[in-house]
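Could you walk me through this model in the viewer, stop by stop? I would like to know what to select next and what is there.

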Amino acid sequence: MTSELWVLIAAGVLVLLVAWTGWTLTRLRRLGQRMRRAEAALEAQLRRRAGLAEELARNHPAALGEQTAERLATAAAQARASHAGDRELVENALGRELRELPADLPGVPNGLRTDLAGTLTRVALARRFYNDAVRDTRELRGRRFARWLRLHGSRPLPRYFDIDDRIDAGIRQVDPAGRSAR
């Protein structure tokens, strides 16, 4: 083989490496945008859940019981105020309070129950979408060549948002005929 052929091979490998690096950086940028959108959606649903729980505790303490209403109001206030590392703990506490509510809440408007049940589902979905984006980003950044080239190496790895968002118990909707529905 001649030296010209070796130069062509080296240039081809270099072009492939540059193209792959550009593609990977573009993908990482898009994953970052996807993660920011998913995080904003998750944050909105968590704020909505806390607001609805606070409304339920404030406007319907007789249906909940005084102690339950007080615990729910406290958990909702803590969830609204928390933005630091203990966020998952306070969100878990609020979720636990909501799951422990009785299935039938006499005197609570059906619209509020429907909104709360829907928000519980949307929180679970938003968390799943966010964690999927985190997983994809961590997987791409963890690949060998991405680590060797230190692509996005200065940015911290994104964290999973891990809360217990089971929706198998708690608030039930009541249809206009008065039957309980899930």
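Let's begin with a term for the surface: a residue is buried under 20% relative accessible area, exposed over 50% and partly exposed in between, using a 1.4 Å probe and protein chains only. This is a predicted model, in which local features need pLDDT of at least 70 and side-chain atom pairs count only at pLDDT 80 or more, while totals for chains, interfaces and linings use all residues. Residues are numbered from 1 along each chain as its sequence is written, and side-chain values use heavy atoms, with hydrogens and water left out.

**Stop 1: the whole chain.** Colour by secondary structure. You will find 6 helices and 2 strands, in the order α-α-α-α-α-α-β-β along the sequence. Helices here are DSSP runs of H or I with at least four residues, strands are runs of E with at least two, and both are numbered from the N terminus. Of the 182 residues in the chain, 38% are buried.

**Stop 2: the aromatic cluster.** Select Trp 20 and show its side chain. Trp 20 is partly exposed, at 26% relative accessible area. Now add Phe 145 and Trp 148: ring pairs link Trp 20, Phe 145 and Trp 148 into a cluster. Rings of Phe, Tyr and Trp (its six-membered ring) pair if their centres lie within 6.5 Å; planes under 30 degrees apart are called stacked, over 60 edge-to-face and the rest tilted. The structure holds 2 such aromatic pairs. In one of them, Trp 20 meets Phe 145 edge-to-face, with 6.0 Å from centre to centre and 70° between the planes. Trp 20 sits in helix H1 and Phe 145 in helix H6 (residues 144–148), so this pair ties together parts 125 residues apart in sequence. Phe 145 is itself partly exposed, at 48% relative accessibility. The rings of Phe 145 and Trp 148 have centres 5.3 Å apart and planes at 90°, so that pair is edge-to-face. Both Phe 145 and Trp 148 belong to H6, 3 residues apart, or about one turn of the helix. Trp 148 is exposed, with a relative accessible area of 58%.

**Stop 3: H1 against H5.** Select residues 3–59 (H1) and 110–141 (H5): their axes come within 8 Å and cross at roughly 155°. Axes are lines fitted to C-alpha atoms, for helices over the stretch in contact, with angles from 0 to 180 degrees between N-to-C directions. H1 and H5 are therefore roughly antiparallel, the word for angles over 145 degrees (under 35 is roughly parallel, 65 to 115 roughly perpendicular, the rest oblique).

**Stop 4: H3 against H4.** Next, select H3 and H4, which pack at about 150° with axes 9 Å apart. That angle makes H3 roughly antiparallel to H4.

**Stop 5: the cores.** Which residues have the most contacts inside the largest nonpolar core? Select Leu 56, Leu 64, Leu 72, Leu 94 and Leu 98, the ones with the most contacts in this core of 20 residues. A nonpolar core is a set of buried Ala, Val, Leu, Ile, Met, Phe, Trp, Tyr and Cys residues joined through side-chain atoms within 4.5 Å. H1, H2 (61–64), H3 (66–81), H4 (87–99) and H5 each supply at least two residues of the largest core. A second, separate core has 11 residues, among them Met 35, Leu 46, Tyr 130 and Val 134.

**Stop 6: a loop proline.** Finish at Pro 158, in the loop between H6 and strand E1 (173–174). Pro 158 is buried, at 9% relative accessible area. Its C-alpha atom is separated by 9.3 Å from that of Ala 133, 25 residues apart along the chain.
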